[in-house]
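Here are a few short exercises on a ligand and the space around it. Have the model open and work through them in order.

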Amino acid sequence: MEQTLSIIKPDAIEKNVIGKILKRFEKNNLKIIAAKMLHLTKDQAQKFYLVHKDKPFYNSLVDFMTSGPILVSVLDGDNAVSKNREIMGATNPENADEGTIRKDFATSIEKNAVHGSDSLDNAKIEISFFFKELEIFSR
Ligand code: CMP
């Protein structure tokens, strides 16, 4: 079993599709073992995406991620990291496969509806960025 971090981003919250997205995780045998809605501060968004700080889209990404509330969750299951990335689809919705979250709900490469950890090591770092151990309910 693995755990991975998922973020439903401000664009998808605005489109009112939280439930539709969470349902896709459950349909694919991923359990939601922690969840909360929050509004990132600029400082939090800058820290979370620090790895992209030299990219031309960094400031715009931080602005977008602080533009409204997000829903963060921890998903648990077999190969949760890669399974979640499959369910999400390609970063750019134009390249995302049919039936993926980004194909169905993303607006653009930046406003791409969801984030998912890209490795098990990053999943651990990202989960601890948002959740204390006592807020995670493995079952
Ligand atoms: P995410 O999976 O959260 O990881 C980094 C985010 O940066 C990505 O989803 C997009 O929201 C954003 N992003 C990645 N590439 C680009 C790009 N070329 N232009 C604008 N935003 C991007």
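**Exercise 1.** Sort the shell around the ligand by residue class.

*Solution.* Start with the tally: four nonpolar, three polar and three charged residues make up the shell. (Ala, Val, Leu, Ile, Met, Phe, Trp, Tyr, Cys and Pro count as nonpolar, Asp, Glu, Lys and Arg as charged, and the others, Gly among them, as polar.) Now put names to it: around the ligand sit Lys-9, Tyr-49, His-52, Phe-57, Leu-61, Arg-102, Ile-109, Glu-110, Asn-112 and His-115, each with a heavy atom within 4 Å of it.

Two notes on the source: this is a predicted model, where local features need pLDDT of at least 70, side-chain atom pairs count only at pLDDT 80 or more, and totals for chains, interfaces and linings use all residues. Residues are numbered from 1 along each chain as its sequence is written, and side-chain values use heavy atoms, leaving out hydrogens and water.

**Exercise 2.** Find side chains with an N or O atom that pairs with an oxygen atom of the ligand.

*Solution.* Look for polar contacts (pairs of N or O atoms within 3.5 Å). Lys-9 gives one at 2.7 Å. Arg-102 has its side-chain N or O atom 3.2 Å from a ligand oxygen, and for Asn-112 the distance is 3.2 Å.

**Exercise 3.** Work out which space the ligand takes, and what lines that space.

*Solution.* First, the ligand takes the space of the largest pocket (more than half of its atoms lie within 2 Å of the grid points). A pocket here is an open set of points on a 1 Å grid over the protein atoms alone, where a 1.4 Å probe fits, with protein on both sides within 12 Å along at least five of seven lines. Next, count 22 lining residues, each with an atom within 4 Å of a point; Tyr-49, Val-51, His-52, Leu-61 and His-115 lie nearest the centre. Finally, α7 supplies the largest share of the lining, four residues.

Technical notes. Polar contact = N/O pair within 3.5 Å; in protein donor to acceptor, adjacent residues only side chain to side chain. Helix = DSSP H or I, 4+ residues; strand = E, 2+ residues; numbered from the N terminus.
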